[in-house]
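Here are a few short exercises to work through with the coordinates open beside you. Try each task before reading its solution.

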Amino acid sequence: MSPPLLQVNDLKKHFPVKSGLFGRKSEFVYAVDGVSFEIARGETLSLVGESGCGKSTVGRAILRLFDITAGQVILDGQRIDDAHPGTMRQMRRRVQVVFQDPFSSLNPRMRVRDILAEPIRNFGLAKSAEDLEVRVTSLMDTVRLPREALNRRPHEFSGGQRQRIGIARALAAEPELIVCDEAVSALDVSVKAQIVNLLQDLQSEFGLALLFISHDLAIVEHMTHRVAVMYLGKIVEIAPRREIFAAPRHPYTRALLSAVPLPEPGAQRNPIILKGDVPSPINPPKGCRFHTRCPLVFDRCRVEEPVLRATGTEQWVACHLEDGAVATSG
Amino acid sequence: MALLEVDNLQTHFRTPGGINRAVDGVSFHVNEGETLAIVGESGCGKSVTSMSLMRLIPEPPGRIAGAIRFAGRDLLQLSDREMRAIRGNDISMIFQEPMTSLNPVLTVGRQIRETLMIHQGLDKQAAEAHAVEMLTLVGIPEPKRRVREYPHQLSGGMRQRVMIAIALACNPKLLIADEPTTALDVTIQAQILKLMLDLKRRVGAAIILITHDLGVVAEIAERVMVMYAGRKVEEAPVAELFRSPRHPYTQGLLGAVPRLGSSLTGTARRLAEIPGQVPDLRKPITGCVFAGRCALATDLCRQYAPGLEEKGPRHVAACHYAAKGAVAA
């Protein structure tokens with residue numbers, strides 16, 4: 001079997017924050033604190049969780065928008081977390097990104113033509129000026145924007161159209177993996193559906209792998225193959241779509257799913273209402289990080305941190321209640 | 001009797017590019033103790049409608065016309081002074097952004113006290129005691145300590161609870177909630193929605209809920225009004241609207257949201273797209289506002305704007321082609 005396209009091993013990213021008088025005392029935000037997963041070619045893995053759980057930091061670490069504190073990021077068998085700039089440049093072509101805000105992620109001074117041509121030139125993908133033109137126009141066809149729009153600037157487009165430009169720019173580099181960081185969250189319902197459908201079409205057309213970072217669980221269920229649920233810098237559960245949505249095992253995953261309001265009036269639901277807020281990632285709780293809000297907490301949770309354990313062939317859960325679950329649940 | 005009756009509301013803004021008809025002839029009512037949801041996408045005029053009800057539209061460049069009758073009085077005819085006595089007292093509002101709608105340099109307690117002292121004439125001690133009570137009511141732990149804290153010391157969910165406490169302090173008859181949970185995480189949203197449902201039962205205020213989230217609508221609304229491009233295109237009781245939407249736009253909206261659990265029940269399907277985009281409201285629109293994006297549109301739609309027609313019991317839609325209600329009848 002060929003190695004996975006992307007492998008992340010025990011990734012950690014701690015951001016220093018200054019505190020105390022004159023900022024002399026240094027503390028850390030444990031944004032991502034030991035996260036491991038793999039993405040296969042053509043696969044969609046979704047990272048879900050609430051604000052501050054570290055899901056965007058994971059995405060940025062993979063893009064190497066900053067250096068990581070510890071761990072490994074391996075793209076197609078090659079480590080990229082410590083790669084030299086020259087090697088990194090070639091690796092960057094293979095991993096592209098679509099950001100949440102289509103207003104601030106496009107340069108307002110550039111024409112669409114130049115926005116799309118930049119990555120093609122940068123990575124030397126076009127053989128000639130004609131080839132560049134062919135590539136740029138076919139990108140517009142791919143994301144279903146009119147070719148005439150190439151000479152316009154971002155402000156002339158609506159939010160949904162700008163997001164199409166952002167996707168075209170990501171595709172221009174012919175990547176194998178696209179990190180979608182809340183890529184559809186800022187869009188209106190009807191436009192969101194257009195972009196979700198486009199992403200799905202592109203995935204099957206180009207065999208793209210997607211790291212889909214989102215807090216919208218219904219969209220995630222619609223798009224994804226596998227899901228990793230994050231809480232305070234850790235993955236608490238990772239499993240294929242069917243397991244996550246049919247038989248979530250971690251108490252946090254259950255609460256998260258039950259909290260989503262369904263568009264069905266009178267639907268009988270019993271949401272698990274979690275108490276309180278997510279604790280600060282500066283001083284995460286000892287033991288299980290979820291123990292301060294967990295409805296099923298017991299003594300061991302407060303002192304010992306649970307590790308991810310296989311509870312099924314592809315389902316992994318970090319919860320003391322799952323201790324020995326493989327034996328009992330067969 | 002209707003608590004609030006809005007008749008042909010028109011809120012227009014003068015802009016360099018022409019007059020923006022943000023709300024263009026919208027009529028609706030809210031009964032006492034009822035929850036009406038106004039849904040639609042960005043720019044449909046739902047927030048401008050709610051700001052118009054509170055007369056929070058700057059004039060100029062804005063201009064509000066029509067009638068807004070609240071408990072028998074037309075709010076648009078009141079003096080600024082009379083309007084101030086109603087805002088925060090009889091009608092109050094919760095905004096989307098709990099980060100920016102509280103004053104960062106005043107304690108939470110002072111901000112709750114303010115409404116009570118102005119509208120109810122309480123003295124400082126009585127208002128302080130009531131503020132603590134309100135914080136308890138909205139489920140904030142250690143309310144006696146929290147009243148002395150500043151907004152930055154509270155989390156997003158707590159701030160939204162404080163906003164609700166301020167809004168409910170004077171026992172309003174009508175509460176306008178503009179995207180009250182949109183900025184919140186899903187587990188916090190669940191807390192706030194539960195709180196709103198509990199409070200509604202206890203306080204009995206009518207609620208106008210402005211949102212784009214159809215899940216939230218299904219959860220707490222009794223009646224729904226759908227807006228598109230500044231007009232009302234459909235209105236119905238909530239179960240009826242979700243079961244048999246009549247306007248093609250409403251049908252499109254409901255088809256565009258994936259349902260949680262769809263991968264399990266085998267109902268997963270490609271999401272319905274509504275092609276194109278919302279029309280430019282600065283240009284006069286002849287005919288149906290949705291004609292440019294509607295699969296059923298004909299020349300009739302492009303020439304004559306459809307009026308709101310009864311399609312079923314308490315169910316109206318503005319469409320030439322929407323079927324009349326055999327389903328519900």
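**Exercise 1. How many helices and strands make up the secondary structure of chain A? Then judge how compact the chain is.**

Keep in mind that this is a predicted model.

Step 1. Assigning the secondary structure of chain A gives 11 helices and 12 strands.

Step 2. Next comes the radius of gyration: chain A has 21 Å, close to the 20 Å that the globule rule gives for 330 residues, so the chain is as compact as a globular protein of that length.

Step 3. For the overall extent, the C-alpha trace of chain A spans about 70 × 55 × 50 Å along its principal axes.

Step 4. Burial and contacts complete the picture. Of the 330 residues in chain A, 46% count as buried. Taking the contacts in chain A between residues at least 6 apart in sequence, 63% join residues at least 24 apart.

**Exercise 2. Find the order of the strands in the open sheet of chain B, and its edges.**

Step 1. Trace the pairing from strand to strand: 8 strands of chain B line up as β6-β7-β8-β3-β9-β10-β12-β11, with mixed pairing.

Step 2. Look for strands that pair on one side only; these edge strands are β6 (91-94) and β11 (309-312) of chain B.

Step 3. Compare directions: neighbouring strands of this sheet are turned by 25° against each other on average, direction ignored.

Step 4. Zoom in on one end. β11(B) pairs with β12 (residues 315-317) of chain B in the antiparallel sense, over 3 bridges. Glu309(B) has Ala317(B) in β12(B) as its bridge partner.

**Exercise 3. Is helix α6 of chain B mostly covered or uncovered?**

Step 1. Start with the geometry: α6 (residues 156-168) of chain B has 13 residues and reaches 18 Å from its first C-alpha to its last, close to the 18 Å expected at 1.5 Å a residue.

Step 2. Count neighbours, calling a residue buried if 20 or more other C-beta atoms lie within 10 Å of its own. By this test 12 of the 13 residues of α6(B) are buried, and the helix is mostly covered. Among them are Arg159(B), Arg161(B) and Ile164(B).

Step 3. Ask what does the covering: β6, α3 (108-120), α4 (124-137), β7 (174-178) and α7 of chain B are included.

**Exercise 4. Which element gives the most to the side of chain B that touches chain A?**

Step 1. Collect the contacts: 40 residues of chain B meet 35 residues of chain A.

Step 2. List the elements of chain B that give two or more residues to this side: α7 (186-203), α8 (214-220), α9 (238-243), α10 (248-256) and α11 (262-265).

Step 3. α7(B) gives the most, with 8 residues.

Step 4. Sorting the residues on this side of chain B by type yields 20 nonpolar, 13 polar and 7 charged.

Terms used: Residues are numbered from 1 along each chain as its sequence is written. Chains are lettered from A and ligands numbered from 1 in the order in which they are written. This is a predicted model: local features need pLDDT of at least 70, side-chain atom pairs count only at pLDDT 80 or more; totals for chains, interfaces and linings use all residues. Two strands pair if DSSP finds at least two bridges between them. Helices (H or I, at least four residues) and strands (E, at least two) are DSSP runs, numbered from the N terminus. Axes are lines fitted to C-alpha atoms, for helices over the stretch in contact, and angles run from 0 to 180 degrees between N-to-C directions. Two residues are in contact if their C-beta atoms, placed from the backbone, lie within 7 Å. Ala, Val, Leu, Ile, Met, Phe, Trp, Tyr, Cys and Pro count as nonpolar, Asp, Glu, Lys and Arg as charged, and the others, Gly among them, as polar. The radius of gyration is taken over C-alpha atoms; the globule rule is 2.2 Å times the number of residues to the power 0.38. The expected span of a helix is 1.5 Å times one less than its number of residues.
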